[in-house]
Amino acid sequence: MSTIWRTAARAAAVVLAVAAAGCFSVDAAYSPAADSEQVLVSNNGWWLFNCIPLCCGNATPEPDRAGPFAFFRNDVTLDKVQHRFMEYAQARGASVQDLVYNNYDNVLFSIPFTNIPVPIPYLLCYREIQLSGVLK
Amino acid sequence: MKRLAFILAAVALAGCSSVQICREGGHDMCCVRTSGWKLFNCIPFVSGNPEGWCCRFFSNTVKVETNIALLDKTIRDGDYGSVSNLTSHVTEEPMLPLLLKRVVCHTSAELIPREASER
């Protein structure tokens, strides 16, 4: 019986780790009416004591990308996110307009799947960078 | 021991202000961020000092005015003539509901070089 509980606890830990892991994404949608494409590049990740990167989305371009996550490396930077945006724009042969950053950072770790923060700041921190723009 | 605990707590709760510029792909983007902590939802406890390092106590610098002043300084110090796509947003993070919360003000803008803005 204890083996079943141990296995269940390990599975729950893996699910929590994956749920809390960072994610890099490039979202794009073309509007025929506006004859333009809206692009949103975002990346997020987790830091220990607000200075040690634990896990974040892997912002490495596709042929060299080893997996969706980057461990102990900071890919949640303006340079990496904007570089991927410009790379996408270059591949589409379009000019870039209306670039806007929306950044978020949380210093309180909320218990996953709840909105309850652990009241110890800077223990486990979350950072997110979103860059949106229009390609014409 | 109590003094050490107080110093550690003060450091942990410190606010900060930062300006980051990214020059990837021929677009100079500037992100300004100021953070701080508020007591009882209204009393500024500690917030980032826009004029230097460390922080300010019982003074509210987490507002758009501070971010725009930092952006102005960046424009003046760099070779920029104007900005475009200027946006700001504020995020709040309650640590102890009603007692203590963290507030962050973010501002994003594209910096236009002086030559391009004079054209």
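This is a guided tour of a predicted model with two chains, going from the whole chains to single residues.

**Before you start**

Residues are numbered from 1 along each chain as its sequence is written, and chains are lettered from A, with ligands numbered from 1, in the order in which they are written. Because the model is predicted, local features need pLDDT of at least 70 and side-chain atom pairs count only at pLDDT 80 or more, while totals for chains, interfaces and linings use all residues. The predictor gives the complex an ipTM of 0.80 and a pTM of 0.83. For chain B the average pLDDT (the predictor's confidence in each residue, from 0 to 100) is 86, and 87% of the residues score at least 70.

**Stop 1: each chain in turn**

Select chain A and colour it by secondary structure, where helices (H or I, at least four residues) and strands (E, at least two) are DSSP runs numbered from the N terminus. You should find 2 helices and 6 strands, arranged from the N terminus on as α-β-β-β-β-α-β-β. Of the 136 residues in this chain, 29% count as buried; a residue is buried if 20 or more other C-beta atoms lie within 10 Å of its own, exposed if 12 or fewer, and partly exposed in between, with C-beta atoms placed from the backbone.

Now select chain B, which has 3 helices and 6 strands, in the order α-β-β-β-β-α-β-β-α from the N terminus on. Buried residues make up 33% of the 119 residues in chain B. Among the contacts of chain B between residues at least 6 apart in sequence, 58% join residues at least 24 apart, where a contact means that two C-beta atoms, placed from the backbone, lie within 7 Å.

**Stop 2: helix α2 of chain B**

Select residues 64-77 of chain B, which form helix α2. At 1.5 Å a residue, its 14 residues should span 20 Å, and the end C-alpha atoms are indeed 20 Å apart, so the two values agree; the expected span is 1.5 Å times one less than the number of residues. Which residues of α2(B) are buried? They are T66(B), N67(B), L70(B) and L71(B). These cover an arc of only 135° around the axis, which puts them on the same side of α2(B); the arc is that of the directions from the helix axis to the C-beta atoms. Turn the helix over, and the face away from its buried side carries the exposed residues D72(B) and R76(B). The cover over the buried residues includes β1, β2, β5 and β6 of chain B.

**Stop 3: where the chains meet**

Show both chains together: 22 residues of chain B are in contact with 21 residues of chain A. On the chain B side, the elements giving two or more residues are β1 (16-22), β2 (28-39), β5 (80-96) and β6 (100-113), and β5(B) gives the most, with 7 residues. The residues on this side of chain B divide into 8 nonpolar, 9 polar and 5 charged; Ala, Val, Leu, Ile, Met, Phe, Trp, Tyr, Cys and Pro count as nonpolar, Asp, Glu, Lys and Arg as charged, and the others, Gly among them, as polar.

Select C31(B), which lies in strand β2 of chain B. This residue is buried because 21 other C-beta atoms lie within 10 Å. Leaving aside neighbours within four places in sequence, C31(B) is in contact with L78(A), Y101(A) and N103(A) in chain A, and with Q20(B), H106(B) and S108(B) in chain B.

**Stop 4: the largest nonpolar core**

A nonpolar core is a set of buried Ala, Val, Leu, Ile, Met, Phe, Trp, Tyr and Cys residues joined through C-beta atoms within 7 Å. In the largest one, with 34 residues, V81(A), L131(A), M29(B) and C30(B) touch the most other members. Select M29(B): apart from neighbours within four places in sequence, its contacts are L78(A), Q82(A), L99(A), Y101(A), C22(B), S108(B) and E110(B).

**Stop 5: two residues of chain A**

Select F85(A) in helix α2 (residues 78-92) of chain A. Is F85(A) buried or exposed? With 24 C-beta neighbours inside 10 Å, F85(A) counts as buried. Although F85(A) and L131(A) are 46 residues apart in sequence, they are 7.8 Å apart in space, C-alpha to C-alpha.

Finally, select E37(A) in strand β2 (residues 36-48) of chain A, which counts as partly exposed because it has 17 C-beta neighbours inside 10 Å. E37(A) and R6(A) are 31 residues apart in sequence and 49 Å apart in space, C-alpha to C-alpha.
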